[in-house]
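Hi everyone, thanks for making room for me today. Let me bring the structure up on the screen, and then we can walk through it together.

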There are 2 protein chains.
Amino acid sequence: MEYRFSSMASRLKPPSVRDRLKLSQGKDVISFADEWPAEELFPAHAVREAAGRVIAGGAGALHGGAAEGYAPLRVQLCGRMAARQMAATPEQMIVTAGSQQAIDLLVSVLAEPGDAVLVEKPTSSARLQLFALRGLKAIEAESDEQGIVPEDAERLILEHRPKLMYASPTFGSPTGRVWSLERRTKLLALCKHYQIPIIEDDPYGDLVFEPNERLPTLFALEGGAERGTVFYASAFSGTVAPPLRAGWAIGDSGVIRMAAKMKQAAGQHSSAFDQQILSRLLENFDLDAHIRQIAGACGERMLEMHEQLLRQGLRDVSWQKPKGGLFLWLELPDGLDGEALLRLSIRKGVSFVPGGQFYAQHPRRNCIRLNFACHAGERTKLGVERLAEAIGEFTARS
Amino acid sequence: MEYRFSSMASRLKPPSVRDRLKLSQGKDVISFADEWPAEELFPAHAVREAAGRVIAGGAGALHGGAAEGYAPLRVQLCGRMAARQMAATPEQMIVTAGSQQAIDLLVSVLAEPGDAVLVEKPTSSARLQLFALRGLKAIEAESDEQGIVPEDAERLILEHRPKLMYASPTFGSPTGRVWSLERRTKLLALCKHYQIPIIEDDPYGDLVFEPNERLPTLFALEGGAERGTVFYASAFSGTVAPPLRAGWAIGDSGVIRMAAKMKQAAGQHSSAFDQQILSRLLENFDLDAHIRQIAGACGERMLEMHEQLLRQGLRDVSWQKPKGGLFLWLELPDGLDGEALLRLSIRKGVSFVPGGQFYAQHPRRNCIRLNFACHAGERTKLGVERLAEAIGEFTARS
């Protein structure tokens, strides 16, 4: 039989960096392309201990979970949110299989195929792919070191009447930028004015190098979930352990309830085991101390990569030192295409994500994203050397 | 802010039986409305033991999983499929968070919103809700004790040109019927002829009371996954443990690969822990012996409920004794509405699923579905007595 794929299936993107790397399996490729910190930074021992306690706990471990999530975990997560000035009740919280699923559910509840969603330029490639999958048209607003430029956002709102704004104002992929307080306030006011719900995506917010400099989230700035403008999503994928993919979202209880119903109707159960393990972990483990430690390690690794890059004396290559998160965003010489550079780099034994993937409409191809938290020491040094060699071959040619 | 919900959200159904039961919390309501056997029938001890082994196994337990599922588990599941004459390679297999998700992914890959899908009359309410959520129009073909009537199916194929056929030919909800071999063969030939992929849903197939009478699945009848007509989905939810919601689907590798990409793009990770626990369980536990045992218990409970119903001497109430699965499908006197009966029954302390929910287009309201495997002995007796009392009040009125 010949199959006819749906238009949703046809919107799935061509092979990613990861797929391309499969082709080079067996070769020593140092990956700066990952989405998370290195595995050795996760609290494997504490997670295993928590899992052991869940199992020892007996029959309860086998209970199925509600679509909105394991109730005690939701209470604990609300406590963590409150500690960051984000007040939400358990009815305003849903636990998901990660932040991608949280955002998918919110988007599916609040927007139709064909609707526009306002995004930053550039923004997360995984979220862009999700929006494309759901038939949404991502409209990109200009952004600078302070975040989205409000005047450009307003112009696009008037032109495209977007149903949603998607924002990742703290160390968002790929740039690792932090939106200034002024911009946060302005963008929030703008969306309130035009009645556009904001999905605030904060997967890396905890990975802050200078905890004293933390800015309030958009959700905290607004100050209330019920009938609010902001829906906030985060996850433990970057701080606890990628296989415990628990994420969560908070916001208006009516919307959250609808998201839970949609999750249930689509059979997207979150693992009851995983949620109980997390709940035990939050009870018995100083997660905040661990997060400070992993964030500190990420900060050191950023400096390492920064210094290795400086040492290479790359001409016409620039970047900003981020204040948190996982990513360095490199601007390459004009005309150097990140995709072409990646193909050569994989042959040299290093990988990264080419910048074009982070744009909805008008890609800047001479940028690349490096994850600095996957490697340390000699591996970082070697990877940067290989990258510099690849860049050098290109610039020598032109 | 006022939110505008998407049309997908607005297609989510009104409160289910479970929601209505929440209102009677605290009261002793005997539920015949559940989707699974009673918890005490699951191998809780073996699952906990397997989980313990996974954790003791060390760091590997923390590895994230691929979208298509944990590779060793896929190999094991292929072995189990082969033992039932369903040959599939690991490339033709995807592990999901249960059969609902497996069917959602297949449907999303193979059909568009607005497309028609051919279903049995009546059929699973959860799957009907899923089709509605995805904007599919379910067209119901007449069915009798042998399964879907091929002539009616062909008439509807010519009239509606459905993109898919959804079939649950073995103990499917709500009737618990088994399609005859002749009907299986005819329906398969029909769909091959008109090039309509079949999604064969088999969540209860293992719960067979007379294992010697098992008929081949549609997938087995066709005899090959690649470019095949049939996609087969099943799950362990009814035999191992509801919280380990692992399900799986097999079929053409191109379609399965697309389903995995869609799962990944939508952030629907299956728990790596759960999959490893299942894999260990399949290694170290005689699952088939356990399944025979749980199926035997379900058979006994079916007989218990059957006899309790007979004992009530209900006039104009009829049912067939199923050969497997979990459900008795009761036809009530003409004009007795299952929804109205449910409201009264909950007050009497018993619940079930009213039949109207299992129809896509033309509900027969004088039917109800009873799960016979949730209770035994005195509880079953008491529940049936309460039900008979409720029915009696209605029939006395008319």
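Let's start from the outside: chain A has an accessible surface of about 15100 Å², and 49% of that belongs to carbon and sulfur atoms. Areas here come from the Shrake-Rupley method with a 1.4 Å probe, and for residues only the protein chains shown count as cover. Before I go on, some housekeeping: this is a predicted model, where local features need pLDDT of at least 70 and side-chain atom pairs count only at pLDDT 80 or more, while totals for chains, interfaces and linings use all residues. Residues are numbered from 1 along each chain as its sequence is written, chains are lettered from A and ligands numbered from 1 in the order in which they are written, and side-chain values use heavy atoms, with hydrogens and water left out.

Now, the overall build. Chain A contains 14 helices and 14 strands, where helices (H or I, at least four residues) and strands (E, at least two) are DSSP runs numbered from the N terminus. Its radius of gyration is 21 Å, close to the 21 Å from the globule rule for 398 residues, so chain A is as compact as a globular protein of that length. For the record, that radius is taken over C-alpha atoms, and the rule is 2.2 Å times the number of residues to the power 0.38. The C-alpha trace of chain A spans about 60 × 60 × 55 Å along its principal axes.

How much of chain A is buried? Of its 398 residues, 63% are; buried means under 20% relative accessible area, exposed over 50%, and partly exposed in between, with a 1.4 Å probe and protein chains only. As for contacts (heavy atoms within 4.5 Å), take the pairs in chain A at least 6 apart in sequence: 77% of them join residues at least 24 apart.

For the electrostatics people, chain A carries 47 positive and 48 negative side chains, and the centres of the two sets lie 3 Å apart. Lys and Arg count as positive, Asp and Glu as negative, and His and the chain ends are not counted; each charge is placed at NZ of Lys, CZ of Arg, CG of Asp or CD of Glu.

Let's zoom in on two helices. Helix 11 of chain A, residues 272-284, has 13 residues that should span 18 Å at 1.5 Å a residue, and its end C-alpha atoms are indeed 18 Å apart. The expected span is 1.5 Å times one less than the number of residues. Helix 11 of chain A is mostly covered, with 10 of its 13 residues buried, among them Phe273(A), Ile277(A) and Leu281(A). What do those buried residues pack against? Within chain A, the partners are helix 3 (44-56), helix 4 (71-82), strand 2 (93-96) and helix 12 (287-311); from chain B, they are helix 3 (44-56) and helix 11 (272-284).

Over in chain B, helix 5 (residues 99-110) has 12 residues with an expected span of 16 Å, and its end C-alpha atoms are 16 Å apart, which agrees. Here 12 of the 12 residues are buried, so helix 5 of chain B is largely enclosed by the rest of the structure. The buried set includes polar names such as Gln100(B) and Asp104(B). Next, some backbone details. A cis peptide bond joins Lys121(A) and Pro122(A), with omega about 0°, and Pro122(A) sits in the loop between strand 3 (116-120) and helix 6 (125-133) of chain A. In chain B, the bond from Lys121(B) to Pro122(B) is cis as well, with omega near -5°.

Two residues of chain B that are not glycine have positive phi: Arg161(B) at about 45° and Phe171(B) near 60°. Are they buried or exposed? Arg161(B), in the loop between helix 7 (150-160) and strand 7 (164-167), is exposed at 53% relative accessible area. Phe171(B), in the loop between strand 7 and helix 8 (181-193), is buried at 3%.

Last stop: Gln146(B), in the loop between strand 5 (143-144) and strand 6 (147-148) of chain B, is partly exposed at 37%. Its C-alpha lies 5.1 Å from that of Ser180(B), although the two are 34 residues apart in sequence. Asn371(B), in strand 14 (residues 367-371) of chain B, is buried at 0%. Leaving aside neighbours within four places in sequence, its contacts include Phe32(B), Trp36(B) and Met305(B).

That's my tour, and I'm happy to take questions!
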